[in-house]
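Reader: Could you take me through the salt bridges in this one? I'd like to know who pairs with whom, and how covered each partner is.

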Amino acid sequence: MTINTENILLIGSVLLFVSIIVGKAGSKFGMPVLLLFLAVGMLFGSDGIGIHFDNPAIAQFIGVIALSVILFTGGMDTRIEDIRPVMAKGLTLATAGVVLMTLLTGVFIYVMASGDNSFLTLTLSESLLLAALMSSTDSASVFSILRARKQNLKENLKPMLELESGSNDPMAYMLTIILIQIVTSGEFSFYDSVVKFVMQMGIGLVFGYFLGKMTVFVLEKININQALYPVMLLALVFFIFSFTDRTGGNGYLAVYLSGLVVGNSSAVNKENLSGFFDGLTWLFQIVMFLSLGLLVNPNELLPVMVFGICVGLFMILVSRPLSVFACLAPFRDISFKARCYVSWVGLRGAVPIIFATYPLIANVQNASYIFNVVFFITIMSLLVQGTTVGLVADKLGLSVRDK
């Protein structure tokens with residue numbers, strides 16, 4: 001069955017209903033609900049029940065829309081007073097940590113994919129591209145898992161992890177775009193890359209802050225029907241992302257920062273707005289993971305299993321811990337156990353898969369293989385790390401249970 005205008009509502013409603021029921025049932029057993037949404041998409045896909053969806057451009061479009069809302073909501077639910085003490089740590093992990101993850105994992109992938117016994121040969125730039133796609137922690141996964149569990153964490157770990165996951169996508173996105181350009185053209189200019197990075201981050205920061213202030217002003221000054229405030233705010237979120245992106249800035253950074261500004265202001269109807277966006281975030285998370293699950297063919301994951309397990313284990317046990325310990329080395333107020341926990345909560349999710357559609361659309365060599373590796377490692381991360389977030393916190397003595 002192919003998705004078209006005649007059956008999209010029928011298929012969509014069934015998928016949403018099944019996802020909610022499966023998510024409710026699976027969460028009782030400690031399974032990350034986002035992984036279950038992904039599994040439902042795969043079950044209903046071409047290798048399962050038979051729904052055909054093979055358009056990476058549409059999946060990418062859905063992902064961009066969903067991430068805009070997820071990042072804005074994540075920012076809106078974050079208190080400035082909570083993240084201020086961990087600002088330097090979180091931003092260091094979100095920038096230098098992403099670069100270190102890319103370098104360490106990329107070199108490992110290159111060594112694995114360049115030997116005589118390797119069944120796939122990847123160049124150094126292709127290996128770094130694959131690593132860059134998986135270099136950031138996923139905001140949807142981190143927000144969902146950390147906030148769904150009825151526990152807090154010592155040493156301000158929860159706001160630090162949420163700040164990292166909400167602000168590290170821009171760095172991973174920039175590395176992805178630069179490396180795709182290198183792979184496709186074979187050219188690299190360090191100066192141009194630095195200038196592009198500074199512009200993207202600078203414009204994203206400036207526009208995110210001032211458009212966030214503009215959003216607060218609009219909410220306070222425009223008198224409309226109460227039911228229309230959430231609709232107007234949603235329109236402003238999409239405007240912030242697209243306008244920033246069109247002017248050369250990083251839209252992901254802009255919407256997250258705008259969410260911080262709005263959430264920490266005295267905006268009109270903030271409680272109603274928060275409730276609306278929480279529900280909308282769940283809807284977009286379900287749709288995003290379903291569409292990504294439909295996009296992949298499970299039988300294509302088998303050839304990448306051994307490679308994916310090796311890379312995934314290296315990321316979980318080596319490159320993530322090394323990058324975390326290196327980034328947090330200057331900070332003496334965080335314990336060894338806390339550093340170990342931050343190393344463990346390097347959750348991958350929808351963001352790496354969405355970023356993996358960029359090489360597909362750019363017709364990068366080995367793009368399909370790269371996409372399947374990213375997808376497999378995402379599943380592996382959610383299974384191994386996502387199901388043990390609470391357990392590891394308990395074992396390390398970092399949990400503070402809510403009464």
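Author: Here's a close look at the salt bridges.
Quick ground rules: this is a predicted model, where local features need pLDDT of at least 70, side-chain atom pairs count only at pLDDT 80 or more, and totals for chains, interfaces and linings use all residues. Residues are numbered from 1 along each chain as its sequence is written, and side-chain values use heavy atoms, with hydrogens and water left out.

A salt bridge here is a side-chain nitrogen of Lys or Arg within 4 Å of a carboxyl oxygen of Asp or Glu. By that rule, you get two salt bridges.

Take Glu164 and Arg320: their closest N and O atoms sit 2.8 Å apart. That pair links distant parts of the chain, with Glu164 in helix H8 (residues 157-167) and Arg320 in helix H14, 156 residues apart. Helices are DSSP runs (H or I, at least four residues), numbered from the N terminus. Glu164 counts as buried at 2% relative accessibility, and Arg320 is buried too, at 4%. For reference, buried means under 20% relative accessible area, exposed over 50%, and partly exposed in between (1.4 Å probe, protein chains only).

The other bridge joins Asp333 to Lys89, with 3.2 Å between the closest N and O atoms. Asp333 lies in the loop between H14 and helix H15 (336-344) and Lys89 in helix H5, so this pair ties together parts 244 residues apart in sequence. Here the partners split: Asp333 is exposed at 56% relative accessibility, whereas Lys89 is buried, with a relative accessible area of 7%.

Conventions
Helix = DSSP H or I, 4+ residues; strand = E, 2+ residues; numbered from the N terminus.
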